[in-house]
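Here's a friendly walk through a protein model for anyone meeting it fresh. Have a look at the structure, then read on.

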Amino acid sequence: MALSATPDAIATILANPSPDSSSDVPDIVVQVVDLRKTGNRYMFSANDGKQKLKGILQSMFEADVVSGKIQNLGLIRVTGYSLNDIPSKNEKYMIVTNCEAVSPALEAELKSEEQHLVKQEEEQDLESGGDTKRARYGDNIVKKEYSSIVLKPKNEVESKSAAQIVREQHENSAPSARMAMTRRVHPLVSLNPYQGNWTIKVRVTNKGNLRSYKNARGEGHVFTVELTDEDGTQIQATMFGEAAKKFYDKFQLGKVYYISKGMLKVANKQFNTVKNDYEMTLTENSVVEEATSEAAFIPEIKFNFVSIDQLGPYVNGRELVDVIGVVQSVSPTMSIRRKSDNESIPKRDITIADDTKKTVSVSLWNDLATGVGQELLDIVDSSPVVAIKSLKVGDFQGVSLSTVSRSSVVINPDLPEARKLRSWYDSEGKGTSLASVGSGMSPSATSGARSMYSDRVGLSFISRNPSLGEDKPAFFSIRAFISFIKPDQPMYYRACNSCNKKVTEAIGSGYWCEGCQKQDVESSLRYIMVAKVSDATGEIWLSIFNDQAESILGCSADELDSLKSQEADLDQFQIKLKQATWVPHLFRVSVTQNEYMNEKRQRVTARAAAPVDYAAESKFILDEMAKMKVSAAS
């Protein structure tokens with residue numbers, strides 16, 4: 001018997017768009033037509049000889065396509081699917097969740113017998129100039145465009161409802177592989193708010209705390225989890241009230257669950273950092289069942305890398321970023337005391353570089369500091385490549401990165417970006433001079449220092465608003481001159497070469513670092529100074545740390561101390577400080593409130609410093625003038 005598709009297979013699928021389980025799926029064999037790769041999925045058209053339906057093969061079937069099991073013009077048996085609408089089009093597409101190959105590529109695309117007769121008749125008509133139709137139908141010829149659906153003579157048509165077709169085909173015996181399936185799982189990418197009946201299989205990759213809230217409607221509890229399916233697609237699920245209490249202990253980090261009877265809505269990006277257009281809400285009626293008796297899966301990690309020199313626009317924002325880089329250095333583990341509960345938590349800093357010739361510091365916290373961080377410390381001499389997902393971008397030292405609870409680190413990943421980076425580093429990056437993205441950034445709108453031109457204020461705005469930074473740090477950009485540097489102030493401290501914390505002289509010789517809990521024979525000096533800065537509106541005292549002070553003074557703290565310690569060079573020390581004054585700089589500053597002698601005082605700290613780029617500054621002033629004109633005109 002010749003291989004062929006199931007008669008009326010497409011009609012059967014359209015009549016049964018969301019079967020509850022594999023037992024509800026009839027025997028459906030279709031031909032794969034127009035197979036092509038799109039991203040990590042494959043698009044195709046399902047053909048039964050009469051009709052076609054657009055379809056998607058998920059990434060799980062890539063191995064079958066690559067190996068040749070599933071071929072263009074070949075036959076597949078669809079044992080699991082869901083039918084979705086195509087937005088803005090009056091069409092549907094089928095997402096295949098389970099299938100098996102039936103045959104390799106056939107000689108040609110399947111067509112019904114009627115289509116062959118119509119085609120044959122058209123060919124004969126072309127050859128005879130229309131005599132064939134005239135001989136058969138006379139001179140009353142009606143010109144038609146024949147579609148894929150051909151009407152049969154009335155006596156040959158047997159009317160069947162969609163339900164009858166499904167019932168007749170459901171009676172056919174199904175393969176054992178399909179009978180073994182007890183439920184049909186939807187991939188997260190196929191879900192939308194208009195689906196009423198779905199089941200997903202996901203792993204809990206992040207779990208929030210159970211929080212209490214109080215509003216006009218009363219009090220309650222809320223918590224969220226982040227769920228990831230086998231393809232690496234993520235979604236955030238939120239539970240309120242009784243549902244939060246019901247599922248908080250049920251959901252365990254790292255375990256796999258079947259979830260159904262939830263609701264979807266468009267994600268509120270203000271409170272949702274997961275990259276998905278939708279978010280999920282689970283109620284008391286939702287069903288959550290742990291997948292204990294089945295093989296667990298490890299979700300595929302999907303990255304959306306941001307190059308190091310493009311991190312500036314993300315500083316202090318809500319959006320988390322993914323980065324990839326070559327590890328340059330790894331610090332020992334430090335113990336940081338958390339202010340909220342006085343608990344000590346481990347931290348480790350690593351420095352990474354990429355092919356933009358920029359470096360950035362990444363702070364690893366908790367298990368990442370003690371686990372992956374220790375592994376990196378052991379192999380740092382080989383300069384491994386790391387891919388890190390979900391990092392928060394801060395403004396420490398201009399630009400810095402920090403892990404959060406959902407962050408993940410992959411060492412030497414098998415990715416095209418990693419191979420490209422390794423090739424660059426081995427060929428030229430190893431011997432290239434690399435600069436920190438925070439200290440070397442250019443204050444242009446397209447670079448990492450875009451924040452230098454956002455929130456620009458005069459110094460009087462800061463000095464005349466003593467409440468700034470009361471609840472949380474306030475950030476501004478200023479253009480100012482260093483007008484005075486106290487020569488008799490303690491301008492630097494002796495620091496550990498590993499963690500930059502203050503060290504004390506050890507008994508006998510060397511220096512003791514409390515942070516690293518070790519003694520070292522060497523240490524270095526790091527700036528911690530205060531300078532007065534001025535502009536046309538006023539002046540303030542500005543706290544300046546090492547990286548910013550080095551760019552302002554033009555020398556390291558060790559070099560400045562060498563000038564100060566030699567009496568003959570004392571004049572050189574004074575000259576060095578004087579040379580740094582009345583030079584214009586752009587600063588990104590934070591304003592906080594500190595309490596001293598029971599009195600609150602404003603503290604302004606330089607987070608980044610850069611020389612004035614007069615071309616960019618002129619453009620900024622012209623843009624501000626244009627805004628004033630528009631405002632005045634309106």
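What follows goes from the whole chain to a small sheet, a cavity and three buried residues.

## The big picture

First things first: this is a predicted model. The protein has 634 residues, and 42% of them count as buried. Its secondary structure adds up to 15 helices and 29 strands.

How do the contacts spread along the sequence? Take the contacts between residues at least 6 apart in sequence: 64% of those join residues at least 24 apart.

## A little three-stranded sheet

One spot to look for is an open sheet built from 3 strands, arranged in the order β23-β24-β25. The pairing here is antiparallel. Going from one strand to the next, the twist averages 35 degrees.

Why is one side of β23 and of β25 left without a neighbour in the sheet? Both β23 (503–505) and β25 stand at the edges and have a single partner strand each, so one side of each stays free of a neighbour in the sheet.

Zoom in on β24 and β25, and you'll find 3 bridges joining these antiparallel strands. On the residue level, C513 stands opposite K518 in β25.

## The second largest cavity

General idea first: rolling a probe the size of a water molecule over the atoms shows where empty space is left. In this structure there are 2 cavities of 30 Å³ or more. Let's visit the second largest cavity, which holds about 40 Å³ of space.

Which residues line the second largest cavity? The lining is made of C496, N497, V503, Y511, W512, C513, K518, D520, E522 and S523. Two elements give two or more residues to that lining, namely β24 (511–513) and β25 (518–520). The largest share belongs to β24, with 3 residues.

So what kind of residues are they? The lining divides into 5 nonpolar, 2 polar and 3 charged residues. C513 and K518 both belong to this lining, and they are also the pair that stand opposite each other, with K518 in β25.

## Two buried residues in β18 and β19

Now for some single residues. S390 has its place in strand β18 (residues 385–394). Is S390 buried or exposed? With 9% relative accessibility, S390 counts as buried, because the cut-off for buried is under 20%. Beyond residues up to four places away in sequence, S390 touches L320, V321, D322, V404, R406 and S407.

V409 sits in strand β19 (residues 400–411). V409 is buried too, with a relative accessible area of 16%. Not counting neighbours within four places in sequence, V409 is in contact with L364, L368, V372, V386, A387 and I388. As for G373, it is 36 residues from V409 along the chain, and the C-alpha atoms of the two are separated by 9.4 Å.

## One more buried residue, in β26

The last stop is L525, found in strand β26 (residues 524–534). L525 has a relative accessible area of 10%, so L525 is buried.

Which residues is L525 in contact with, leaving aside neighbours within four places in sequence? They are Y492, Y493, R494, N546, A557, D558 and D561. There's also a distance to check on screen: the C-alpha atoms of L525 and K502 are separated by 9.3 Å, and the two residues are 23 residues apart along the chain.

Note on methods
Residues are numbered from 1 along each chain as its sequence is written. This is a predicted model: local features need pLDDT of at least 70, side-chain atom pairs count only at pLDDT 80 or more; totals for chains, interfaces and linings use all residues. Side-chain values use heavy atoms; hydrogens and water are left out. On a 1 Å grid over the protein atoms alone, a cavity is a set of points where a 1.4 Å probe fits but cannot get out, and a pocket is an open set with protein on both sides within 12 Å along at least five of seven lines; lining residues have an atom within 4 Å of a point. Grid points are joined across faces, edges and corners, and a volume is the space filled by probe spheres set on the points. Helices (H or I, at least four residues) and strands (E, at least two) are DSSP runs, numbered from the N terminus. Ala, Val, Leu, Ile, Met, Phe, Trp, Tyr, Cys and Pro count as nonpolar, Asp, Glu, Lys and Arg as charged, and the others, Gly among them, as polar. Two strands pair if DSSP finds at least two bridges between them. Axes are lines fitted to C-alpha atoms, for helices over the stretch in contact, and angles run from 0 to 180 degrees between N-to-C directions. Buried means under 20% relative accessible area, exposed over 50%, partly exposed in between (1.4 Å probe, protein chains only). Contact means heavy atoms within 4.5 Å.
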